[in-house]
Amino acid sequence: MQVLVLGAGLAGLSCAYELVKAGHKVTVIEKEDYAGGMAHSYTVGEHVVDHGPHRFHSRDKELLAHVHEVMDNDLVVRDRLSRIYLKGRFFHYPLQAGNVLRNLPPHILIKAFWDYLWIRFKDRMNPIPDDNFENWVTKRFGKTLYDIFFGMYTEKAWHMPCSQISADWASQRISQLNLWDAVKKTLRPPKGGEVRSLVSKFWYPRVGGIGQLGRNYAKKICEMGGEVLLKTPVEKLIRDGERITSVIYTRDGQRVVDHPDYVVSTIPLPRLLEAMEPLPPEDVLASIGKLRYLSIIFVYLEVNRPIVTPDHWVYLPEKHLKVHRISEFKNFSEETGPKDRTVICAEITCVPGDETWNMSLEDASEIAARDLEKIGLLKQGESKGIFLTRVRYAYPVYDLTYKENLQRLLRFVKPFENLDTTGRQGLYRYNNMDHSLAMGRKLARGLIRGDDAGAHDVATGKEYFG
Ligand SMILES: Cc1cc2nc3c(=O)[nH]c(=O)nc-3n(C[C@H](O)[C@H](O)[C@H](O)COP(=O)(O)OP(=O)(O)OC[C@H]3O[C@@H](n4cnc5c(N)ncnc54)[C@H](O)[C@@H]3O)c2cc1C
């Protein structure tokens, strides 16, 4: 079978890898000049930097073994440290009861405890629906802790009220089930096998940043006889009813018309459908217009010090700071930079085309440096902006209507006999790297065996994504 894979992110690459290994003829086309998608790394001077923090973890032993195989075992294992910086103090994230008790002033602790009891009582008398992020969290943690640890950060990063965000996002991104669960997990930490455990260990390439995974995949696909064509954007998919008859893409400035037996798409689902000729029906196009994305600019500051924080990343929920998260790659692998210097990556979410999105390296570096000076992590003039990059499709926006709009798009794609869509972009799913790998590999297995291997069911449960 001749398969054309659209997009060389981890979903597309892992799918192509399995298909080539099974003897199929596979071509991956990618619009950027690198493979790896969002999990890409850049070399900037002597530093290797990622699109924000990328820690790989999975409870699936077979998937872990596969990643070790692709990486030729050249991985390091790390213990996660991520914290929230708030009112001059660092709080562990996921929350740890002891750390919260030590750091919050007594009057706020009393208020938080009282609020929690009150909301539990209210919920018992008249159940509060899990119909949005705010209700989901408030019901489980009380209003005070919601305001301090969840609401403030989420509203800042998402640029929208939490009452307008789907509860799906909370259930997959908050590791504890409720305040009592947080207390219990602190007193008796869960063992590795527990479903909703605090994922504390992760793997990271020893050299080359997280992008080394994508580069290794691409190299091995080509060694096995497949093709990974970079700087090759897909332009059109010509369809005859529910069959793709040809795919048109641009390669070295030339228009190529390909007639694959099967197309696996991992590009953003709305863009896939908009590239179809003829276009999908009006109701599908209307839903496409309602699915939104949050974008991120990443600004990288070089600091003349071996290390600035012990953290993999730190959340900055306070609204007077423009940056919402920072990360330091030397804590992922010391081989990402020279011994005497480090890089801090500052993330600022935005809407494509807005003032932040268009910011220059100079302006963004100044803002990021000022934020870090305000909280005492950097001294004035100590950092230098060395790089800026943007990710347009960073987060699918889970608003209150996203599910019905998404379902309309997926219902349209499902009957196609030689097209499937997968991965974070292909399914408009807020998932992690391990999920994209599992999706790509399961889709490949399904094609090889001729049955449904469950690619669409990955990352749909209530498990914690970390
Ligand atoms: C800031 C940030 C931090 C993250 N941190 C973590 C983490 O700590 N741990 C974790 O597990 N996950 C993390 N993730 C998620 C992880 O990056 C993704 O789940 C994963 O990389 C998605 O892979 P994918 O192949 O599904 O999608 P992508 O990587 O988006 O791949 C899609 C590919 O399609 C290409 N494409 C798009 N349009 C076209 C076109 N017209 N023609 C050809 N190609 C096209 C794109 O260029 C891209 O390469 C993070 C994500 C972000 C944004």
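The legends below describe close-up views of a predicted model.

**View 1. The five-stranded open sheet.**
The order of the 5 strands is β9-β2-β1-β13-β20, and their pairing is parallel. The edges are formed by β9 (227-229) and β20 (419-421), each of which pairs on one side only. On average, and with direction ignored, neighbouring strands of this sheet are turned by 15 degrees against each other. At the β20 edge, the neighbour is β13 (residues 262-265), and the two strands pair in the parallel sense over 3 bridges. Within this pair, serine 265 has threonine 421 in β20 as its bridge partner.

**View 2. The four-stranded open sheet.**
This sheet has 4 strands in the order β12-β11-β10-β14, and its pairing is mixed. Its edge strands, β12 (254-258) and β14 (276-277), each pair on one side only. Strand β14 runs parallel to β10 (residues 234-240), and 2 bridges join them. Isoleucine 238 is placed opposite glutamate 277 of β14.

**View 3. The hairpin of β3 and β4.**
Strands pair through backbone hydrogen bonds, either parallel or antiparallel. Here the sense is antiparallel, with 4 bridges between β3 (residues 41-44) and β4 (residues 47-50). Serine 41 faces aspartate 50, a residue of β4. The hairpin has 2 residues between the strands, and glycine 45 takes a positive phi near 60 degrees.

**View 4. Packing of helices α1 and α9.**
A pair of packed helices is described by the angle between their axes and the distance between the axes. For α1 (residues 10-21) and α9 (residues 211-223), the angle is about 30 degrees and the axes are 10 Å apart. Angles under 35 degrees count as roughly parallel, and α1 and α9 are therefore roughly parallel to each other. Their crossing is left-handed. On the α1 side, the contact is made by Leu10, Leu13, Ser14, Ala16, Tyr17 and Val20. These meet Leu213, Gly214, Tyr217, Ala218, Lys220 and Ile221 of α9. Sorted by class, the contact of α1 with α9 has 9 nonpolar, 2 polar and 1 charged residues.

**View 5. Packing of helices α5 and α6.**
Helix α5 spans residues 133-141 and helix α6 spans residues 143-158. Their axes come within 8 Å and cross at roughly 145 degrees. The crossing of α5 and α6 is right-handed. Helix α5 contributes Phe133, Glu134, Val137, Thr138 and Phe141 to the contact. In α6, the residues met are Lys143, Leu145, Tyr146, Phe150, Gly151 and Thr154. The contact of α5 with α6 has 6 nonpolar, 3 polar and 2 charged residues.

**View 6. Residues around the ligand.**
There are 36 residues around the ligand, and those that come nearest are Gly7, Gly9, Gly37, Gly423 and Asn432. Two or more residues of the shell are given by each of α1, β19 (383-396), α14 (423-426) and α15 (433-449). By class, the shell has 16 nonpolar, 13 polar and 7 charged residues. Helix α1, one of the elements that give two or more residues to this shell, is also the helix that packs with α9 in View 4.

Methods:
Residues numbered from 1 in each chain as written. Predicted model: local features only at pLDDT ≥ 70, side-chain atom pairs only at ≥ 80, totals over all residues. Axes fitted to C-alpha atoms, helices over the stretch in contact; angles between N-to-C directions. Left-handed = near helix turned anticlockwise from the far one by under 90°. Contact = placed C-beta atoms within 7 Å. Nonpolar A, V, L, I, M, F, W, Y, C, P; charged D, E, K, R; others polar. Pairing = 2+ DSSP bridges. Parallel < 35°, antiparallel > 145°, perpendicular 65-115°, else oblique. Near = placed C-beta within 6 Å.
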